[in-house]
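This report examines one protein model, moving from its aromatic rings to selected residues and then to the overall fold. Please keep the sequence and the structure in view while reading.

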Amino acid sequence: MKIFTLLFVTVFFVTATSHAQVSLGIRGGYINTGLESSGSGYAPGTQKTDSWQASFYTNVPLFKNGYLQPGISYIKKGAGLDYAVSHPVNLFTSGATKLKLQYLELPVHLVYKVPVSFGKLLVGAGPYAAYCIRGDYSVAAYTENKLVQSGSQRIDFKGSPNIFGTNMNLQRWDAGVNFIAGLELNCCLSLSAQYGCGMMDIDQSADNNYKNRYWGVSLGFFFDREDW
């Protein structure tokens with residue numbers, strides 16, 4: 001996995017320094033994130049949750065209308081956790097309720113752009129590698145079917161399990177594929193939609209399988225344009 005990440009970093013810096021027409025952009029916006037889960041272990045179901053992401057990326061001309069866009073993103077993934085367990089009267093129960101994972105992500109997108117009168121339409125896809133720089137989860141306690149206390153715990157990625165009340169054993173590394181579509185306006189602004197499909201099981205426990213999923217919309221800005 002370290003070799004895979006090193007490859008992404010190398011591609012990013014080589015393309016950023018070896019082409020005279022390379023342009024730099026930023027984008028960020030809303031994402032709806034969750035976990036695709038499967039397995040037979042004692043682990044919660046998951047729910048989608050709202051979050052955000054921001055990124056720097058370069059735009060490298062490769063061929064007519066074709067571009068390579070390596071970059072680096074800060075993205076907050078995660079999910080709501082649902083045990084589907086009721087909270088009976090006179091019984092104290094507790095468990096994790098929300099998972100928050102902060103990633104540094106290195107995507108490399110191959111993008112095709114179609115010129116139009118007001119800018120360029122674009123579609124693209126490409127792999128990413130990501131490293132979780134911090135993980136947290138919320139914990140709630142109930143008694144007599146009422147919430148009596150809540151708090152947050154840092155994930156100890158060296159621990160096993162590392163989510164309270166489960167056998168989940170989350171790891172820091174992730175990898176997958178992103179798909180992107182959007183519009184670059186002539187005023188240097190861009191609008192895009194993105195879908196991220198994690199291919200790696202981020203839970204190292206034997207009985208569970210969790211993969212990151214998200215979709216989002218972003219607003220971006222080019223500091224310069226390769227066609228200006």
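How many aromatic pairs does the count come to? In this predicted model, the count comes to 5 aromatic pairs. One pair is formed by Y57 and F222: the ring centres are 5.7 Å apart and the planes stand at 65°, so the pair is edge-to-face. The reasoning rests on a cut-off, because planes over 60 degrees apart count as edge-to-face. This pair links distant parts of the chain, since Y57 belongs to strand β3 (residues 49-63) and F222 to strand β10 (residues 208-222), 165 residues apart. Both Y57 and F222 are buried.

**Charges over rings**

The ring of Y57 also has a charged group over it, that of R27. A second case involves K113 and Y67. The table sets out the two cases.

| Charged residue | Ring | Distance to ring centre |
|---|---|---|
| R27 | Y57 | 3.9 Å |
| K113 | Y67 | 4.2 Å |

**A buried tyrosine in strand β10**

Strand β10 also contains Y214. Is Y214 buried or exposed? The relative accessibility of Y214 is 3%, and therefore Y214 counts as buried, the cut-off for buried being under 20%. The side chain of Y214 makes a polar contact of 2.6 Å with the side chain of Q194. Beyond the neighbours within four places in sequence, Y214 is in contact with several residues, including I31, I75, E105, N178 and Q194. Another of these contacts is Y195; the C-alpha atoms of Y214 and Y195 are separated by 5.8 Å, although the two residues are 19 residues apart along the chain.

**A buried aspartate in a loop**

D203 is found in the loop between β9 (189-198) and β10. Which side chain of opposite charge is nearest to D203? It is K211, at 13 Å; D203 is buried yet has no salt bridge. The side chain of D203 does, however, have a polar contact of 3.4 Å with the side chain of N208. Apart from neighbours within four places in sequence, the residues in contact with D203 are M168, N169, L170, N208 and Y210.

**The protein as a whole**

The protein has 1 helix and 10 strands. Along the sequence, the pattern is α-β-β-β-β-β-β-β-β-β-β. The protein has 228 residues, of which 46% count as buried. Among contacts in the protein with a separation of 6 or more, 69% are between residues 24 or more positions apart.

Technical notes
Residues numbered from 1 in each chain as written. Predicted model: local features only at pLDDT ≥ 70, side-chain atom pairs only at ≥ 80, totals over all residues. Heavy atoms only, no water. Phe/Tyr/Trp six-rings, centres within 6.5 Å; stacked < 30°, edge-to-face > 60°. Helix = DSSP H or I, 4+ residues; strand = E, 2+ residues; numbered from the N terminus. Buried < 20%, exposed > 50% of the residue type's maximum accessible area, 1.4 Å probe, protein only. Lys NZ or Arg CZ within 6 Å of the ring centre and 35° of its normal. Lys, Arg positive; Asp, Glu negative; His and termini not counted. Salt bridge = Lys/Arg side-chain N within 4 Å of Asp/Glu carboxyl O. Polar contact = N/O pair within 3.5 Å; in protein donor to acceptor, adjacent residues only side chain to side chain. Contact = heavy atoms within 4.5 Å.
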